Amino acid sequence: MKKQIFGILSLFLLVFIVTISCGKSNGYGSTAAATYSVNIANMAFSPASYTVKAGITVTWTNNDNMTHTVTANDSSFTSGNIAIGSSYSKTFNAAGTYPYHCTIHPGMKGSIVVTP
Ligand SMILES: [Cu+2]
């Protein structure tokens with residue numbers, strides 16, 4: 001009898017854990033993809049200044065007809081060449097302002113502002 005109760009409790013626990021992990025991944029995936037993206041087009045970053053919360057991953061997508069880079073002004077991160085149609089992602093964990101530019105076209109500038 002005790003074994004049966006233990007078995008039932010274990011089953012409930014398993015279902016509970018699976019439900020929680022599924023809910024988390026679904027919720028995160030649906031908001032992250034739609035919200036935290038910077039578009040590269042017409043030799044410009046859009047939005048040029050982007051404010052996000054710490055821990056957020058920003059994805060730049062090159063929708064222009066030439067190669068670009070996303071390179072921090074202090075060289076703390078760089079995408080390397082982002083080919084036409086390709087993307088680059090970076091997660092910002094620390095609050096602060098991260099100005100960046102394109103090394104191929106120095107006139108292209110942007111910044112990510114990370115709030116705690
Ligand atoms: Cu460029």
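In this predicted model, pLDDT stays under 50 over residues 5-34. pLDDT is the predictor's confidence in each residue, from 0 to 100. For residues 5-34 the model has one contact beyond four places in sequence. Two residues are in contact if their C-beta atoms, placed from the backbone, lie within 7 Å. Where pLDDT is low, the predicted coordinates should not be read in detail. The mean pLDDT of the chain is 81, and 70% of its residues reach 70 or more. Because the model is predicted, local features need pLDDT of at least 70 and side-chain atom pairs count only at pLDDT 80 or more, while totals for chains, interfaces and linings use all residues. Residue numbers run from 1 along each chain as its sequence is written.

The chain contains one helix and eight strands. Both kinds of element are DSSP runs, numbered from the N terminus: helices are H or I with at least four residues, and strands are E with at least two. Along the sequence the pattern reads α-β-β-β-β-β-β-β-β. Of the contacts between residues at least 6 apart in sequence, 47% join residues at least 24 apart.

One open sheet has four strands in the order β2-β1-β4-β6, with mixed pairing. Strands pair if DSSP finds at least two bridges between them. At the edges are β2 and β6, each of which pairs on one side only. Neighbouring strands of this sheet are turned by 20° against each other on average, direction ignored. The angles behind such values run from 0 to 180 degrees between N-to-C directions, and the axes are lines fitted to C-alpha atoms, for helices over the stretch in contact.

Strand β1 covers residues 37-41 and β4 covers residues 56-62. These two strands run parallel and are joined by four bridges. On its other side, β1 runs antiparallel to β2, with three bridges between them. Asparagine 39 has bridge partners in both neighbours: threonine 61 in β4 and serine 46 in β2. Strand β4 also runs antiparallel to β6 (residues 87-92), through six bridges. Here tryptophan 60 has tyrosine 88 of β6 as its bridge partner.

A further open sheet has four strands in the order β3-β8-β7-β5, and its pairing is also mixed. Its edge strands are β3 (49-53) and β5 (71-72), each pairing on one side only. Five bridges link β3 to β8 (residues 109-115), and the two run parallel. Valine 52 has valine 114 of β8 as its bridge partner.

Burial was assessed next. A residue is buried if 20 or more other C-beta atoms lie within 10 Å of its own, exposed if 12 or fewer, and partly exposed in between, with C-beta atoms placed from the backbone. By this count, 15% of the 116 residues of the chain are buried. The largest nonpolar core has 12 residues: Ile40, Phe45, Val58, Trp60, Val70, Ile82, Tyr88, Phe92, Tyr100, Cys102, Met108 and Ile112. At least two residues of this core come from each of β4 and β6. A nonpolar core is a set of buried Ala, Val, Leu, Ile, Met, Phe, Trp, Tyr and Cys residues joined through C-beta atoms within 7 Å.

Isoleucine 40 of this core lies in strand β1. Isoleucine 40 counts as buried because 25 other C-beta atoms lie within 10 Å. Beyond four places in sequence, isoleucine 40 is in contact with residues including Phe45, Trp60 and His68. The C-alpha atoms of isoleucine 40 and tryptophan 60 are 6.9 Å apart, although 20 residues separate the two along the chain. Phenylalanine 45 touches Val38, Ile40, Met108 and Gly110, leaving out residues up to four places away in sequence.

Backbone geometry stands out at several loop positions. The peptide bond from serine 46 to proline 47 is cis, with omega near -5°. Proline 47 sits in the loop between β2 (44-46) and β3. Methionine 43 is found in the loop between β1 and β2. Its phi is near 55°, a positive value in a residue other than glycine. Methionine 43 is partly exposed, because 14 other C-beta atoms lie within 10 Å. Serine 75 lies in the loop between β5 and β6. Phi of serine 75 is near 65°, again positive in a residue other than glycine. Serine 75 has 7 C-beta neighbours inside 10 Å and therefore counts as exposed.
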